[in-house]
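User: I would like to go through this model with you and ask, point by point, what justifies the labels that are put on its residues and helices.

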Amino acid sequence: MAKYPYKVLGLSGEFRPTSKCGMLVNHALDIAKKHGAEVYFWDLDVKPLPLVGEEGCWENSNVKEFQKLATDCDAFLVSSPEYHGTMSGAMKNTFDWLYNKHVKGKVFGLMSTLGGVQNANTLNHMRIMLRWLHAWPVPEQLAIGKVKTAFDDDGNLIDDEIVERLEKLVLSVLENTSKLSD
Ligand SMILES: Cc1cc2nc3c(=O)[nH]c(=O)nc-3n(C[C@H](O)[C@H](O)[C@H](O)COP(=O)(O)O)c2cc1C
C-alpha cells in the first residue's frame with residue numbers, strides 16, 4: 001500500500017499547465033504522485049470558472065464539478081503568480097468558489113511565481129485567506145523570483161535548491177494530511 005494514498009488537487013492562478021504556475025503545480029503533483037498520491041490538476045483554460053456573481057454562475061456545470069472534486073480531495077497544492085503585489089484575479093476567483101464545506105480541515109501547500117524579486121506577499125495573502133476557509137496551510141512555502149529564468153527549455157526547474165524546497169513542501173503537505181486524518 002502506498003505511503004500517502006491521498007487525493008491531491010493542484011490549482012494554478014494562471015491558465016494552462018504550460019504557464020509558469022501551471023508547470024510548478026504539475027512538478028509538485030509529480031512529487032506527490034511519487035509518494036503514492038492520486039493527483040488532479042484543474043486547468044482553467046479547459047474548464048473555466050465564471051466570476052463569482054456573474055449571471056448564470058450558480059448553475060455553472062464547471063463550478064459544480066470543481067466543488068465536487070475539491071470535496072473529494074484530501075489536500076491541495078496551489079501556485080499563484082504575483083500580480084501587483086498579491087495573488088492573480090484568477091487565483092482569488094478560484095478560491096472564491098471554495099467554502100468551508102469543501103476544504104475545512106484540509107492541508108494546503110502554497111507556492112508563487114514572480115517576474116521580479118522573490119518575496120512572500122502572495123504567499124502571505126493566500127495564507128490569511130485560507131484562515132477564512134478553516135484550511136491548514138503548511139509552514140513550508142515556495143516563492144520563485146525572476147521566474148522567466150527558473151525553468152529550462154524542457155520545463156524542468158534549473159535550481160537544485162528550489163527543487164529541494166519543493167520536495168520538502170510537498171512531503172510536508174502529505175505528512176500533515178496523514179497526521180490530520182488519524
Ligand atoms: C498584471 C500583472 C501584474 C504583475 N505584478 C507583478 C508584481 O507585482 N511583482 C512581480 O514580481 N511580478 C509581477 N508580474 C509578473 C508575474 O508575476 C509573472 O508574469 C508570473 O509570475 C508568471 O510568469 P510568466 O508570465 O513568465 O508565466 C505581473 C504580471 C502581470 C501580468
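Analyst: What follows is a set of questions on burial, helices, backbone angles and the ligand shell, and the model they concern is a predicted one.

User: Why is Gly13 called buried?

Analyst: A residue is called buried when 20 or more other C-beta atoms lie within 10 Å of its own, and Gly13 has 29 such neighbours, so Gly13 counts as buried. Gly13 sits in the loop between β1 (7-12) and α1, and, leaving out residues up to four places away in sequence, Gly13 touches Cys21, Ser79, Ser80, Pro81, Met87, Ser88, Ala90 and Met91. Asn93, which is 80 residues away from Gly13 in sequence, lies 9.0 Å from Gly13 in space, C-alpha to C-alpha.

User: What makes Leu9 a buried residue?

Analyst: Set against the cut-off of 20, the 24 C-beta neighbours that Leu9 has inside 10 Å mean that Leu9 counts as buried. Leu9 belongs to strand β1, and beyond its neighbours within four places in sequence Leu9 is in contact with Tyr40, Trp42, Leu69, Ala70, Cys73 and Phe76.

User: Why are His84 and Lys146 called exposed?

Analyst: The label requires 12 or fewer C-beta neighbours within 10 Å. His84 has 8 of them and therefore counts as exposed, while Lys146 has 12 and therefore counts as exposed too. His84 is placed in the loop between β3 and β4, and Lys146 in the loop between β6 and α6.

User: What is the phi of each of these two residues?

Analyst: His84 has a positive phi of about 50° although His84 is not a glycine, and Lys146, which is not a glycine either, has a positive phi of about 45°. A positive phi is also found at His134, which follows α5 and has a value near 55°, and at Gly36, just after α1, where the value is about 100°.

User: How do you know that α1 is largely enclosed?

Analyst: Eleven of the 15 residues of α1 are buried, so the helix is largely enclosed by the rest of the structure; among them are Cys21, Met23, Leu24, Val25, Ala28, Leu29, Ile31 and Ala32. The elements that cover the buried residues of α1 include β1, β2 (38-42), β3, β5, β6 and α6. As for its length, the 15 residues should span 21 Å at 1.5 Å a residue, and the end C-alpha atoms are 21 Å apart, which agrees.

User: What makes you say that the buried residues of α6 line one face of the helix?

Analyst: In α6 (residues 160-181) the buried residues are Leu166, Leu169, Val170, Val173, Leu174, Asn176 and Thr177. Seen down the axis of α6, these residues fall within an arc of 165°, so they line one face. On the other side of α6, the residues Asp160, Glu161, Glu164 and Lys179 are exposed, whereas the cover over the buried residues includes α1, β3, β5 (107-113) and β6 (136-144).

User: Why can the same be said of α5?

Analyst: The buried residues of α5 are Thr122, Leu123, Met126 and Leu130, and down the axis of α5 they fall within an arc of 100°, so they line one face of the helix. The face turned away from this buried side carries the exposed residues Ile128, Arg131 and Trp132. What covers the buried residues of α5 includes β3, β4 (86-87), β5 and β6.

User: Which residues have the most contacts inside the largest nonpolar core?

Analyst: The largest nonpolar core has 48 residues, and those with the most contacts inside it are Val8, Ala28, Ala32, Phe76, Leu77 and Val170. Helix α1 gives the most to this core, with eight residues. Val8, leaving aside its neighbours within four places in sequence, is in contact with residues including Leu29, Ala32, Val39, Phe76 and Leu77. In soluble globular proteins, nonpolar side chains tend to be buried together.

User: What makes up the shell around the ligand?

Analyst: The shell divides into four nonpolar, six polar and three charged residues. Of the 13 residues around the ligand, Pro81, Thr113, Leu114, Gly115 and Gly116 come nearest, and strand β3 (residues 75-83) gives the most to the shell, with three residues.

Key:
Residues numbered from 1 in each chain as written. Predicted model: local features only at pLDDT ≥ 70, side-chain atom pairs only at ≥ 80, totals over all residues. Near = placed C-beta within 6 Å. Helix = DSSP H or I, 4+ residues; strand = E, 2+ residues; numbered from the N terminus. Nonpolar A, V, L, I, M, F, W, Y, C, P; charged D, E, K, R; others polar. Core = buried A, V, L, I, M, F, W, Y, C linked by C-beta atoms within 7 Å. Contact = placed C-beta atoms within 7 Å. Arc of directions from axis to C-beta. Expected span 1.5 Å × (residues − 1).
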